[in-house]
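Dear colleague,

I am handing over the structure we spoke about, with the sequence alongside. Please have it open while you read, as my notes on what was found in it follow directly below.

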Amino acid sequence: MEYNKYLVCFLAILIFCGCGGEHDENVYKIDVSEDDIVNVSLSDLKRVDFETSSASLLYLIDEVIPYRNGYLVKGREKVLYFNDNGDFLAEVGRKGRGPGEFVMLSSCYVFRDTVHVYSSGMKSVLKYVYDGDEFVYSGVIRTPEHVSMAKLLRSELYPERYFALNTYYGVGGITPTISIYDTDFNLITSSTSLVKDGGFSFTCPFGSNEFGVLFTDYINYTIFQIQADTVLESKFFDFGSYAYPDRYVNYTDVTDVFKYVDGLPANSIKVIPLKMYAYDKSIVVLLPHAMIAVYDISLRKSSIFRLCDDSRESVTITSLNVFGGNVYVALEADADDVDNPPVYVIPMSDIEL
């Protein structure tokens, strides 16, 4: 009898340890304690200043996409093309309702060297080809009337698929967050709903590059790994005491979240993943407070970098992209600055473990 009791205890320990190990494989722990953060001065990085004129003024940069020998820069209402030195070359389409024009610029991506602009207001994907002088309108793809998508993406990794971020996801906790369609917009599969109780939620762009398609959302710690026919939701971030309490995760009443943040001590830090990119065996994560986390999946270790100006004050990052071995970071422009915000380039070799 005594023997059986010890045997049961021993088996319970084995099961517990086994389950813990399996769980750990699905959890990416990132330590953001102040002692582990490496400050990176902007003055030590390559800076790209985009030409500012009446035709090329952006005010705020939502996304920077490396394209040919330059950059596609998405603002709130326009997409502009600059060369590697920041000289303005051309605008991609323009705001309006005529041929080659769009309203409600939702997302922009490059597929097979053609620039695609998705307009949720027009339920259309407009295509443009750069001829060396300007972007020539080359056609339109209509999206289904019954589908309301906030953002749309087509990736070179999965050329026969469209990835959609749904507009009204989370209503009653039922509407899926992400859906995958074939090229005729037949539904392949969908994810579960992120939000618990329905209603409004902030949306972030997909993190798509040559290594994978990832997605995160505010406030959420789930890593969405998107493949041709599957949305994997089995990986999670663990920020320990720096994470938001459970009641605010995927919670749609954002006013409560803001009240919680306002009530925190001045030196308290709470983090959420704002955007993710895959890079080789690592995941690059944009965090609040101008922090960039690099998590090595094989080593199961992380490093944290914080971008600072010369006075050691952190800056505000509005966009992050990882492509071709570099991290591209756009900053918020100063309130009294009439120039376009700058972009900084960080080689992955300088920050990966």
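Beyond its neighbours within four places in sequence, K235 is in contact with E25, N26, Y28, Y221, T222, I223 and Q225. The residue sits in strand β21, which covers residues 231–238, and in this predicted model K235 counts as buried because its relative accessible area is 18%, under the 20% that sets the limit. Of the contacts listed, the one with N26 can be described in more detail: the two residues are 209 positions apart in sequence, yet their C-alpha atoms are 4.7 Å apart in space, and the side chain of K235 makes a polar contact of 3.3 Å with the side chain of N26. Two of the other partners of K235, Y28 and Y221, are also members of an aromatic cluster, in which ring pairs link Y28, Y221, F237, F239 and Y295.

As to the chain as a whole, the average pLDDT is 82, and 84% of the residues score at least 70. The part to treat with reserve is residues 1–22, where pLDDT stays under 50 and where the model has zero contacts beyond four places in sequence. Where pLDDT is low, the predicted coordinates should not be read in detail. The protein chain has three helices and 28 strands, and buried residues make up 50% of its 353 residues. Among contacts with a separation of 6 or more, 50% are between residues 24 or more positions apart. The accessible surface comes to about 17,100 Å², with 52% of it belonging to carbon and sulfur atoms.

Aromatic side chains deserve a paragraph of their own, since a search of the whole structure finds 20 aromatic pairs. In one of them, Y71 and Y328, the ring centres are 5.8 Å apart and the planes stand at 70 degrees, so the pair is edge-to-face. Because Y71 lies in strand β5 (residues 70–74) and Y328 in strand β27 (residues 326–331), this pair ties together parts of the chain that are 257 residues apart in sequence. Both rings belong to buried residues, with a relative accessible area of 3% for Y71 and 9% for Y328. Another pair, formed by Y181 and F185, is tilted, with 5.9 Å from centre to centre and 50 degrees between the planes; Y181 and F185 are likewise buried.

The loop between β3 (46–48) and β4 (63–67) holds S56, and Y59 lies in that loop as well. Is S56 buried or exposed? At 0% relative accessibility, S56 counts as buried, and its side chain makes a polar contact of 2.9 Å with the side chain of S53. Setting aside neighbours within four places in sequence, S56 is in contact with E51, L80, F82, F88 and N340. Y59, by contrast, is exposed, with a relative accessible area of 65%, and it has a positive phi of about 70 degrees although it is not a glycine. Most residues other than glycine have a negative phi, and most peptide bonds are trans. K123 is a further non-glycine residue with a positive phi, near 50 degrees; K123 lies in the loop between β11 (114–119) and β12 (124–130) and is buried, with a relative accessible area of 15%.

One more loop may be worth a look, namely that between β24 (291–296) and β25 (301–308), where S298 is found. The side chains of S298 and D296 are joined by a polar contact of 2.6 Å, while the C-alpha atoms of S298 and K281, which are 17 residues apart along the chain, are separated by 6.5 Å.

Finally, a word on the cysteines: how many disulfides does the count come to? The count comes to zero, on the rule that the sulfur atoms of two cysteines must lie within 2.5 Å. Two cysteines can be placed with respect to the surface: C108 is buried, with a relative accessible area of 6%, and C308 is buried too, with a relative accessible area of 1%.

With best regards

Technical notes. Residues numbered from 1 in each chain as written. Predicted model: local features only at pLDDT ≥ 70, side-chain atom pairs only at ≥ 80, totals over all residues. Heavy atoms only, no water. pLDDT = per-residue confidence, 0-100. Contact = heavy atoms within 4.5 Å. Helix = DSSP H or I, 4+ residues; strand = E, 2+ residues; numbered from the N terminus. Buried < 20%, exposed > 50% of the residue type's maximum accessible area, 1.4 Å probe, protein only. Polar contact = N/O pair within 3.5 Å; in protein donor to acceptor, adjacent residues only side chain to side chain. Phe/Tyr/Trp six-rings, centres within 6.5 Å; stacked < 30°, edge-to-face > 60°. Areas by Shrake-Rupley, 256 points an atom, 1.4 Å probe, with all protein chains shown as cover.
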